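Reader: Could you walk me through this one? I'd like to go through it piece by piece.

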Amino acid sequence: MKLLVAVKRVVDYNVNVRSKSDGTGPDIANAKMSMNPFDEVAIEEAVRLKEAGKATEIVAVSMGLKACEETIRTAMAMGADRGILVETDAQLQPLAVAKVLKALVAKEQPQAVLLGKQAIDDDCNQTGQMLAALLGWAQGTFLSKLEVGDGKAIVIREVDGGLETDEIKLPAVLTVDLRLNEPRFVKLPNIMKAKKKPLEVIKPADLGVDVDPRLAYSNFRDPPKRQAGIKVKTVAELVEKLKNEAKVI
Amino acid sequence: MSTASATALLDGIRAFLTPAQLRTDPDSRLLYGRDWTHQHTPAPLAVALPTTVAQVQRLVQYANDQRLALVPSGGRTGLSGAAVAAQGELVVSFERMNRILDFDPIDRSVTCEPGVITETLQHYAREQGLFYPIDFAARGSSHIGGNIATNAGGIKVIRYGLTRDWVSGLKVVTGKGELLDLNKGLIKNASGYDLRHLFIGSEGTLGLIVEATLRLTSPPGPSSVMVLGVPELDGVMAIFDAFRNRLTLTAFEFFSAKALRHVLNKGLQRPFETATPYYVLVEIEHTSAATVDTALAVFEQCSEQGWLADGVISQSETQAQELWALRENITESIAQYQPYKNDIAVRISRVPAFLRAIDALLAREYPDFEVIWFGHIGDGNLHISVLKPAALDQAGFLARCRQVNEQLFSTIRQYGGSISAEHGVGLIKQPYLHYSRDEAEIAYLRAIKAVFDPNGILNPGKIFA
Ligand SMILES: Cc1cc2nc3c(=O)[nH]c(=O)nc-3n(C[C@H](O)[C@H](O)[C@H](O)COP(=O)(O)OP(=O)(O)OC[C@H]3O[C@@H](n4cnc5c(N)ncnc54)[C@H](O)[C@@H]3O)c2cc1C
């Protein structure tokens, strides 16, 4: 079984992002960039499937600037066999990404596409679902467990208030949650091996995909600053404030 | 010391502290009567929580009048028993003197009270777009005052030095009660003896630190963390040298497989499957786009020499933190075994021979005990923790450890090292001071103590008896 795994380069989870003073976007110049943590889980799962003899080849895909090659190299150091960078400096929105992935599915013919359930920068949580719709494939989203069988997969999904177990047909789009696995650390010798793995760079136009943004963002603002706490003198005062100011009781 | 009754002493203190500033309940006395070491039974008279310099001066004056011993107390994370009050002393906790008083962007310095928590200062510096580099696992509890009183080192010493290097001004109340304003934030000041440095690392025996001005620096650029598997002890410093020669190191830490086992038991992920008896953690600053490639090249070179068996490198800040946890969580992961700790240092050049010597010594002397090694080896600093076997009682265990100490410290003397690298002398290492300091030197230490604290009211029994 061949797997396509999407990996996005995002601002590192630990970076405290502020918006630019002119409100045109987040200020991420010089910010530390890393692989989207959900995508790390997706790659890890793919590598485990390969180690278990269930997958035969893993192709890691990223889209965006040249620097996304680093993210692909990380995926290959974790165990992906080869990489594809769809290079563009366009602002990529979920629909465009889903269209590019659809074109890559046509080119690569994988039996499953694995993605993070969302990216931690725009938090859209749309790409996987859009891709499944475009392909007309089954989808298993928010996975915390994945078992691949013959022509089908048993998935456990994290849903409101519990877990849902589904059986879905392959090929399928699978989006993963953090509880699915704990991604491995990257070994230095594997980084060296990853340098020798093939990384193909193409443009959206090569795939015949128009990636122009469909949505325009009008303004970015920091969330309001948290007010400092206050001290109350009596329980009665606390109850009064909870009732009338906080309006929680 | 004092002949007055406890009640009379407390009544005297109540004249200038509010009821909330003087705690006499058993829980508080137990809590504030000791540091991270648990070898002594806390028995302080009470706990004073001053909020102003004037109150601190009143306390010192009162202590002189009554010959009442004072134990300065910070975050109580000390590892030498220097903040232990086991003899009816009055604990002076700086917990309520915890304000940041001033920040000067031109001087790039911050002035604060001693009870500010180390991590609070680190965050404050970050908010100003700057960096306070003294850092170690106790950051969330230890105080700036305690850090200065112990001249704390930590995990970034290799790049940024010790607490001493960041203190540009210090206000102290001496054992005589005067307030000294030392060095006043200056970078250069060649006007006579620099008394500031006497108080730094004095473990509360010369004066009470009531205010400090600390230098800040530019935040470091991005970095990567590696954890590497080392098959032989001899490889550790060879690896250090190889990396140091080609990269900017911000940390070079060492730990043994036995240490790793304890943190893994607490649920952390193994860095890699290859098992080696030793590990090093290397943090490198990205000074150019080629930094990671250089690190790979050095890794290959070290592997070819057989110094390294395997290794991983962080791909994100989260992974860097996870790798650091393998090293930083060791102290906490072994705390349940009431370890006996030694914190020793030799010059870097002597580390390999020294490690061989003490490896043989510990194997010979503690065949039946579990000995955990870790430390800031890039500074020539090693922590040795001997775990107490459950079957042995505390007294018997300590007696064994003290016996071995004599041999360990003789070896340290032979190598020109120190019996305390950064944890201080306190009560616990006090009997061994003469292994690192000669008689003439100790006589001067005592003479200096007598100048600032003639009545011996400040932390008596610490450093020397
Ligand atoms: C998990 C862990 C990791 C650690 N790692 C390191 C490390 O890497 N490097 C390192 O150097 N240390 C380390 N330590 C030891 C300890 O954290 C440091 O010695 C720290 O500087 C102590 O600060 P504190 O505020 O807790 O001081 P305390 O333990 O409260 O007191 C330490 C000494 O300072 C004196 N003192 C406190 N405040 C004042 C004051 N205002 N004026 C005068 N004297 C005062 C006390 O009397 C005592 O002598 C570690 C401890 C733990 C528990």
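Author: Let's start with how helix packing is described: axes are lines fitted to C-alpha atoms, for helices over the stretch in contact, and angles run from 0 to 180 degrees between N-to-C directions. Helices (H or I, at least four residues) and strands (E, at least two) are DSSP runs, numbered from the N terminus. This is a predicted model, where local features need pLDDT of at least 70, side-chain atom pairs count only at pLDDT 80 or more, and totals for chains, interfaces and linings use all residues. Residues are numbered from 1 along each chain as its sequence is written, while chains are lettered from A and ligands numbered from 1 in the order in which they are written.

Reader: OK, what does the model score for ipTM and pTM?

Author: The ipTM is 0.86 and the pTM is 0.90. For chain B, the mean pLDDT (the predictor's confidence in each residue, from 0 to 100) is 96, and 100% of the residues reach 70 or more.

Reader: Back to helices then. At what angle do α2(A) and α5(A) pack?

Author: Helix α2 (residues 68-78) and helix α5 (residues 188-196) of chain A pack at about 115 degrees, and their axes are 8 Å apart. The crossing of α2(A) past α5(A) is right-handed; a crossing is left-handed if the near helix is turned anticlockwise from the far one by less than a right angle, and right-handed if clockwise.

Reader: Which residues make that contact?

Author: From α2(A) you have Arg73(A), Met76(A) and Ala77(A), and from α5(A) you have Asn190(A), Ile191(A) and Ala194(A). Two residues are in contact if their C-beta atoms, placed from the backbone, lie within 7 Å. By class, this contact has four nonpolar, one polar and one charged residues. For those classes, Ala, Val, Leu, Ile, Met, Phe, Trp, Tyr, Cys and Pro count as nonpolar, Asp, Glu, Lys and Arg as charged, and the others, Gly among them, as polar.

Reader: And the rest of chain A, how many helices and strands?

Author: Chain A has six helices and 14 strands. Its C-alpha trace spans about 65 × 45 × 40 Å along its principal axes. Of its 249 residues, 38% count as buried, where buried means 20 or more other C-beta atoms within 10 Å of a residue's own, exposed means 12 or fewer, and partly exposed is in between, with C-beta atoms placed from the backbone.

Reader: I'm curious about Ala80(A). Buried or exposed?

Author: Ala80(A) counts as buried because it has 26 C-beta neighbours inside 10 Å. Ala80(A) is in the loop between α2 and β7 (82-87) of chain A. Leaving out residues up to four places away in sequence, Ala80(A) touches Val5(A), Ile43(A), Ile58(A), Val59(A), Ala60(A) and Ala75(A). Ala60(A) is 20 residues from Ala80(A) along the chain, with 6.2 Å between their C-alpha atoms.

Reader: Switching topic: how many residues of chain B are in contact with chain A?

Author: 15 residues of chain B, and they meet 15 residues of chain A. On the chain B side, the elements giving two or more residues are α10 (291-304), β13 (310-313) and α11 (317-328). β13(B) gives the most, with four residues. By class, that side has seven nonpolar, six polar and two charged residues.

Reader: What does β13(B) pair with in chain A?

Author: With strand β13 (residues 186-187) of chain A, in the antiparallel sense over two bridges. Two strands pair if DSSP finds at least two bridges between them. Val186(A) has Ile313(B) as its bridge partner.

Reader: Now β7(B). Why is it described as largely enclosed?

Author: Eight of the eight residues of strand β7 (residues 167-174) of chain B are buried, so the rest of the structure largely encloses this strand. Seven bridges join β7(B) to strand β9 (residues 207-215) of chain B, and the two run antiparallel. Val173(B) stands opposite Leu208(B) there.

Reader: And which strand does it form a hairpin with?

Author: With β8(B); four residues lie between the strands, and among the hairpin's residues Gly177(B) takes a positive phi near 100 degrees. β7(B) and strand β8 (residues 179-182) pair antiparallel over four bridges, with Lys171(B) opposite Asp181(B).

Reader: Last one: what's the strand order in the open sheet of chain B?

Author: The order is β1-β2-β4-β3, with mixed pairing. β1 (22-23) and β3 (70-73) of chain B are at the edges with a single partner strand each, so one side of each has no neighbour in the sheet. β1(B) pairs antiparallel with strand β2 (residues 46-48) of chain B over two bridges, and Arg23(B) stands opposite Val47(B).
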